[in-house]
Amino acid sequence: MPVCEASSERNVLLCAIALVFFLSCAPAWAQQAISTPILSSAPNFRDVAGISASNGGTGFVNPTANNGWMRTGVFYRSSALTLSGADLATVSRFGIGRDIDLRTPAEIAAAPDVVPPGTTYTNVNIFGVQSPPPSPPGVPSQDAVLNTGQSGYRMFVTDPAMRAGFGAVLTTLAHDPGPDLFHCSDGKDRTGWTAALLETIAGVSPATLMKDYLASNSYRAGDINAQAAAILAVAPGLAGRNFNAMFGVDPSYLQAALDQAAASYGSMQAYLTQGLGLSQADIYVLRAKMVDYPVLPGQSALTGNAASGAAFLNALQNSPLSGHYTAYNYYLQSAVDQGSLGGVQTQAGGQVHADAAAYLLRQPQWIDEALAPYATAQGLGAGQSRVWLAGLGGEFWTQGRAGFAGSSEYSAGSVMGATYRPSDQASADIGVGYDWGSVASAGACATLNTVLATLGVRYGFTSLEAGPYLLARATAGWVDYQSRRELGAGLGTATGNSNGAVYSGLAGIGDVFRLARVTIAPQIGVRVAGENLGGFNESGSDLALNVHGLSNTSASLLAGLEIGFGGRQLGDWTVEPAVTLGYERVLGNSQVQSTGTLYGFSVAQNSAYDSRDLWKAGLGVTLTRGACSIKARGNAALGDEAKSGGFGGQLSIGYSF
């Protein structure tokens with residue numbers, strides 16, 4: 001192989017290896033860069049979210065437990081705000097709402113803060129005395145310096161006044177809208193412990209916690225070196241000594257406080273709640289302010305409506321519901337701790353609204369079936385009429401599947417009307433009625449009350465008793481819609497109501513064959529159904545949605561067969577049994593979608609019903625005595641692959657004249 005080719009392939013291989021190495025070491029996409037500027041007049045000013053690359057950090061925000069990432073621009077820490085004009089202008093751009101000064105009155109008097117415009121100044125004197133503890137005279141030994149520092153940090157945990165101070169700082173940070181800043185004199189001890197508490201709440205690793213704490217030695221390197229040079233000028237024999245423990249920070253200091261918290265309270269969690277008086281809600285608010293979770297527990301494995309609901313819950317981390325004392329905030333942070341969304345992902349999106357919309361589109365088929373016996377004008381002579389009252393009811397359900405909750409619906413209603421036969425070949429019927437429906441899915445229920453009117457006509461080419469015929473029906477109704485979603489997990493109940501219209505049209509052709517005592521009537525047709533519900537705002541829960549209007553149209557191909565058997569006398573009554581078979585195929589998408597928004601974030605849900613093919617079978621009987629007739633029918637429906645099914649029945653009474 002030529003040398004140039006071998007060299008070229010080797011270069012490609014090396015580049016590929018380098019690229020893989022780079023990608024494996026590069027920060028994850030969710031990480032934000034640390035862009036906080038370095039201030040000359042407040043050198044330890046920085047974002048709690050991470051350390052700049054120039055000071056030994058990664059230059060990106062810190063990762064946290066449960067696959068989270070720190071947020072930038074939430075909390076800042078600093079040395080005393082003795083800001084120059086240029087640095088004041090820089091800090092003013094961050095929109096800091098509160099400056100929490102942790103110093104004593106004597107420290108403040110010696111170097112008062114330069115507070116940015118619009119920033120509220122608050123003093124929380126951590127030491128609780130007029131002046132900080134004095135430094136020992138002379139140059140103490142290294143051991144003495146370390147012992148003093150470790151003892152001081154242990155007092156952060158054991159001293160009641162200091163605990164009250166740190167507790168006040170954290171609760172203030174939790175309640176403020178932010179962003180906030182806290183600082184002491186050098187921004188390393190009182191400030192360092194406050195930052196360590198915040199990072200503990202956020203869930204950063206112990207190694208990251210220590211690295212961020214020790215970064216004060218880098219941010220303050222200029223001051224530390226200047227103080228060390230002053231000492232070496234009068235005590236050159238100390239050359240080579242590490243002055244970080246004296247003028248900066250030492251890992252043993254922070255570790256002493258952490259160990260003391262474990263010794264006194266058993267854990268940092270107990271120290272936060274029992275020692276500092278924080279509630280779990282305080283802790284969750286602080287964590288939500290500081291941490292974003294790009295993927296919630298179990299979210300990546302979800303599909304369908306559950307995936308959409310989980311994405312919605314995720315997006316709300318960037319809404320006013322997050323980082324505040326809300327039921328949503330407490331729920332989500334609890335879910336992160338427990339490693340499970342607890343089923344709320346199936347309830348948050350409002351699947352019941354889509355299921356209710358799907359129910360309305362199927363409602364006309366139950367009404368048409370209830371009115372079918374009176375569209376034939378059977379038993380009427382030319383010029384005769386019949387008044388009737390038809391009752392209907394039933395149950396229909398759709399099985400749940402991956403990503404979709406199951407849905408069930410119940411309905412009951414009645415229609416009263418009249419049928420008129422002007423001639424042997426034609427009849428017309430008109431009716432008004434009421435239908436009640438209840439739809440339940442995903443821990444929610446919706447009630448639909450429909451007031452309707454219907455008009456039907458039938459025309460036989462030879463007569464209505466035999467031969468081919470045409471039929472048509474139009475139905476329209478006004479719908480009152482009310483929903484109630486029990487969200488669980490302390491999120492309350494979201495309720496809403498709306499109203500609108502439902503309508504349908506049916507056109508078909510059939511034939512009637514009479515064979516001895518058996519009548520066979522096949523029929524085919526098309527039904528178009530539509531709905532238009534206005535949008536509405538739910539209330540009663542943090543996850544109450546602004547539900548968009550539901551406007552859908554569905555077309556179905558129909559086929560049916562009725563087999564009637566000749567009447568038999570039973571006393572004074574004539575009994576005529578009949579068997580019906582039917583098939584309905586949805587032309588187009590059998591699912592319906594609803595959409596809701598909250599704080600600008602949207603969530604879409606599809607109806608559980610997705611059967612394009614529906615098979616029906618029924619058994620009916622007609623009892624006639626003079627001008628009076630009673631009709632009863634029971635039927636069953638089964639969707640394709642047995643995903644949907646139901647039972648229903650109709651009972652009616654008529655009188656001819």
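## A walk through the cavities, a pocket and some unusual residues

Let's start on the inside: there are six cavities of 30 Å³ or more. Keep in mind as you look around that this is a predicted model. The largest cavity holds about 160 Å³ of space. Its lining is made up of 19 residues, and those closest to the centre are W366, G394, E395, S411 and F647.

Which elements each supply at least two residues of that lining? One of them is a helix, α17, covering 351–375. The others are strands: β9 (384–398), β10 (407–421), β25 (628–639) and β26 (644–656). As for the character of this lining, it divides into eight nonpolar, eight polar and three charged residues.

While you're around α17 and β9, take a look at the loop between them, where you'll find A377. Its phi is near 60 degrees, which is a positive value in a residue other than glycine. Is A377 buried or exposed? Its relative accessibility is 0%, so A377 counts as buried.

Now compare that with N67, another residue that has a positive phi without being a glycine, in this case about 65 degrees. N67 also sits in a loop, the one between β2 (63–64) and β3 (68–70). Here the relative accessibility is 63%, so N67 counts as exposed. That gives you a positive phi in a buried residue, A377, and a positive phi in an exposed one, N67.

Next, head to D47, which belongs to strand β1, residues 46–47. D47 is buried, yet it has no salt bridge. Where is the nearest side chain of opposite charge? It belongs to R46, and it is 9.5 Å away. A salt bridge needs a side-chain nitrogen of Lys or Arg within 4 Å of a carboxyl oxygen of Asp or Glu, so R46 at 9.5 Å doesn't make one with D47. What the D47 side chain does reach is the backbone nitrogen of A49, at 2.9 Å.

Moving along the chain, you come to a cis peptide bond, the one that joins G178 and P179. Omega there is about -5 degrees. P179 lies in the loop between α5 (160–175) and β7 (180–183). Strand β7 is also the place of D180. With a relative accessible area of 1%, D180 is buried, because buried means under 20%. To get a feel for distances, pick out D180 and A370: they are 190 residues apart in sequence, and their C-alpha atoms are 67 Å apart in space.

Last stop: the second largest pocket, with about 1,000 Å³ of space. It is lined by 33 residues, and the closest to its centre are P133, S135, T148, K188 and D189. Three helices give two or more residues to this lining: α4 (142–158), α9 (221–234) and α10 (244–247). Which of the elements gives the most? That would be α4, with eight residues. Sorted by class, the pocket lining has 20 nonpolar residues, along with eight polar and five charged ones.

Definitions and conventions
Residues are numbered from 1 along each chain as its sequence is written. This is a predicted model: local features need pLDDT of at least 70, side-chain atom pairs count only at pLDDT 80 or more; totals for chains, interfaces and linings use all residues. Side-chain values use heavy atoms; hydrogens and water are left out. On a 1 Å grid over the protein atoms alone, a cavity is a set of points where a 1.4 Å probe fits but cannot get out, and a pocket is an open set with protein on both sides within 12 Å along at least five of seven lines; lining residues have an atom within 4 Å of a point. Grid points are joined across faces, edges and corners, and a volume is the space filled by probe spheres set on the points. Helices (H or I, at least four residues) and strands (E, at least two) are DSSP runs, numbered from the N terminus. Ala, Val, Leu, Ile, Met, Phe, Trp, Tyr, Cys and Pro count as nonpolar, Asp, Glu, Lys and Arg as charged, and the others, Gly among them, as polar. Buried means under 20% relative accessible area, exposed over 50%, partly exposed in between (1.4 Å probe, protein chains only). Lys and Arg count as positive and Asp and Glu as negative; His and the chain ends are not counted. A polar contact is a pair of N or O atoms within 3.5 Å; within protein, one must be able to donate a hydrogen and the other to accept it, and residues adjacent in sequence count only if both atoms are side-chain atoms.
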